[in-house]
Amino acid sequence: MGLPERETVTSAPVPLLQATDVATVFRTPRGAMRAVDGVSLSLARGETLGIVGESGSGKSVLGRTLMGLITDGPETSVTGSVLLGGNDVHALTPAGRRTLWGTEVAMVFQDPMTSLNPVKKIGRHLSESVRLHLGLSRAESRDRAVDLLCQVGIPEPARRAGQYPHELSGGMRQRVVIAMALACGPRLLIADEPTTALDVTVQKQILDLLQSLGEELRMATILISHDLGTIAGRTDRVAVMYAGRLVEHARTAEVFDNPRHPYSRALIASIPHLDLSPHTLLPAIEGRPPNLLNPPAGCRFAPRCVVATDLCTTQSPALTGRAGDDTGGAVACHHPLGAAKEATV
Amino acid sequence: MSEIAPRTRTALAPPVVVATALAVAGLVLLVFGATTPVLIAPAKAAIALLGIGLFLNGASRVGKALAGPGFDVLFWASAAWLVLLALAIVFVDWLPLGEDRDVAATVTEPVFGIPTFTGTHPLGTNGSGLDLLARSLYGARSSLLISLTAVVVGTIVGGLIGIVAGYFRKAVDRVVGMATNSLLAVPPLILLIALATVLEPRLRNVALSLSLLTIPGMVRLSRATTVAYANREFVTAARAMGAKRSRIMARELLPNVLLPIMSLAVVMISVLIVAEASLSFLGLGIQPPEPTWGNMIAEGEGDVFEAHPHIVLVPGAFLFLTVFAFNIVGEKARQRWDSRSVKL
């Protein structure tokens, strides 16, 4: 599943991150909830991947599963494998995972209001993990904290390091959260909706910062978002998620210019444009996402899909590349849009 | 004095002068009411209370004029009382006080001496001629030592159990919840009496049994606060940076739980002072001749209180003022720390 694109899109011989058939199931009192259901991904060093999907499509759970924050336990079941720099994240001991976190992989969280401890100074947020992982002395870690604040574009870093989170604005706080994630030089950064809680003007700054840091530090980035606008032009590839599954996976420009899955096309069509005349109705997707406790048989998008046939409601489509497509795009649809167009032409 | 003030040019603004005059007049009335022997008791009390009222009013005005409108005279008076009491407790051994517990040394002293606020027995003597001021101060020492120890032990033990229960949840939480609920189900006084019948009535034992009363409340508060903070993203963020569970509890959760716990602890001190006094009153706490406020009040049993009210009123006043002061200070602390945690 999803194997064809790996050889073509990934340039490095051994990918930094290789997830195969990952499924995360929460055992709830009302039944098993399949939040992530058979997702395969790979990411080379320095590459950026965007994961888009609407709320509840399993993007965040996928991010946390890839990182190993969600593991197999009494209330969750994680199957499949996640290889991070050659280590299987889910086969490691908890102590082994802790050594990966911060140094190999780090995460930027959604809400900078709650992802900083209100009673800890900014500097201590940064210096603690540096001392823990890199074994720096107190003075060295303080210098490193100031360097990090400088790196994420915070003015007067030495003064800011002595302040508490509530003394900083939302954008500044998110910069601190990014600095925390960068503290130990991770090779993979997972940004889970890093701009959702921020002002639009600040959103662009934070996204630009993430992009430039990724290029500067040659750090692979996974950008999780429900907003296609944040992904456009900033990632090498995009994976579109729907109800716990990948429905389309291709180069970013390819997805935007030539979406192949009806869901991707509908998502892109529902982005408002400035050049639309006033009072134009935005094309919205009819219906609601399926209940993950009891997902529909066959293609999960079928009940809302305009091109669905009987085949779609009975048989689940696999993520496959299109014949003759050398860009590595893959789509999970019985009636991909490009193919339909070719057939009619 | 207050009539002259507006006319002469003084450095201070007139309201301050009026306020100072009020405070001074109040103090004079208080001293006059307390020390004039010719007056009958109700008149003394009335004059003294009027004096206290005037003094507090004047002091409040002076404070507001000098320190801004946020000045809270009751808080500062309470804090002053507690500081004074603390100093007296520390230096009580070196103060020139009368005998406090050796009855053999006081055969020549007057019995049931009335408080004169002057002389060798400022607060009078009891039925054995022991000095009431000395007894009250030594009593304050054991009272405060016991309640502070109990609160410290209860806060540390209860706070830690609460954090562990709130962070791990599941089985740990259920066991802890069951234990705190069963502890809360036992009436506190009956629990104390039961413990007192088993344990020797020494300072350490009384303190430990009183700390049992504080533990359930502390566990609940720290558990609830921990649960509220454990779901915040900074805990996940710390985990995602490779922090161990012990580190998360000590570095991320403890500092957040500390503030509400500390403000409950201050309020708990006053509760435990009363509890300790009740135990002593019932004869289950520290045993006479060693004085405590509770067993001093118990000396007024029978007809003694009617004939010599000061036997009960002196330790009662100490008890009242101290508990009142702790409540005021605790309330202030709670307001300050709560509003700060809301702002964050």
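**Figure 1. Contacts and surface of chain B.** Among contacts in chain B between residues at least 6 apart in sequence, those joining residues at least 24 apart make up 70%. The model shown here and in the other figures is predicted. Chain B contains twelve helices and zero strands, and its pattern along the sequence reads α-α-α-α-α-α-α-α-α-α-α-α. Taken along the principal axes, the box filled by the C-alpha atoms of chain B is roughly 75 × 60 × 35 Å. Buried residues account for 42% of the 344 residues of this chain. Chain B has an accessible surface of about 17700 Å², and carbon and sulfur atoms hold 70% of that area. Its 26 positive and 20 negative charges have mean positions that lie 20 Å apart.

**Figure 2. The largest nonpolar core, with B:Leu85 and other residues that touch the most members.** This core comprises 55 residues, of which B:Leu85, B:Leu210, B:Ile273, B:Trp293 and B:Phe318 touch the most other members. The elements of chain B that contribute two or more residues are α3 (73-91), α4 (132-168), α7 (203-230), α8 (233-240), α9 (245-281), α10 (293-298) and α12 (310-343). The greatest contribution, 14 residues, comes from α9(B). When residues up to four places away in sequence are not counted, B:Leu85 touches B:Leu137, B:Ala140, B:Leu144, B:Trp293, B:Phe318 and B:Thr322. Apart from this core lies another, of 54 residues, which includes A:Ala161, A:Met180, A:Leu198 and A:Met219.

**Figure 3. The surroundings of B:Ser211 in helix α7 of chain B****.** B:Ser211 counts as buried because its relative accessibility is 3%, and the limit for a buried residue is under 20%. Not counting residues up to four places away in sequence, B:Ser211 touches B:Ala150, B:Val153 and B:Gly154. B:Val152 is 59 residues from B:Ser211 in sequence, while the C-alpha atoms of the two residues are 8.1 Å apart in space.

**Figure 4. Overall dimensions and composition of chain A.** The secondary structure of chain A consists of 13 helices and twelve strands. Chain A has a radius of gyration of 21 Å, close to the 20 Å given by the globule rule for 345 residues, and is therefore as compact as a globular protein of that length. The C-alpha trace of chain A spans about 70 × 50 × 45 Å along its principal axes. Of the 345 residues in this chain, 52% are buried. For contacts in chain A with a separation of 6 or more, 65% are between residues 24 or more positions apart. Carbon and sulfur atoms provide 54% of the accessible surface of chain A, which comes to about 15100 Å². The chain carries 34 positive and 34 negative charges, and the mean positions of these two sets are 6 Å apart.

**Figure 5. The surroundings of A:Leu100 in helix α3 of chain A****.** Helix α3 of chain A covers residues 94-100, and A:Leu100 has its place there. With a relative accessibility of 8%, A:Leu100 counts as buried. Its neighbours within four places in sequence left aside, A:Leu100 is in contact with A:Leu84, A:Asn87, A:Val89, A:Leu92 and A:Val105. A:Gly85 is 15 residues from A:Leu100 along the chain, and a distance of 9.7 Å separates their C-alpha atoms.

Note on methods: Residues are numbered from 1 along each chain as its sequence is written. Chains are lettered from A and ligands numbered from 1 in the order in which they are written. This is a predicted model: local features need pLDDT of at least 70, side-chain atom pairs count only at pLDDT 80 or more; totals for chains, interfaces and linings use all residues. Side-chain values use heavy atoms; hydrogens and water are left out. A nonpolar core is a set of buried Ala, Val, Leu, Ile, Met, Phe, Trp, Tyr and Cys residues joined through side-chain atoms within 4.5 Å. Buried means under 20% relative accessible area, exposed over 50%, partly exposed in between (1.4 Å probe, protein chains only). Helices (H or I, at least four residues) and strands (E, at least two) are DSSP runs, numbered from the N terminus. Contact means heavy atoms within 4.5 Å. The radius of gyration is taken over C-alpha atoms; the globule rule is 2.2 Å times the number of residues to the power 0.38. Accessible areas come from the Shrake-Rupley method with a 1.4 Å probe; for residues, only the protein chains shown count as cover. Lys and Arg count as positive and Asp and Glu as negative; His and the chain ends are not counted. The place of a charge is taken as NZ of Lys, CZ of Arg, CG of Asp or CD of Glu.
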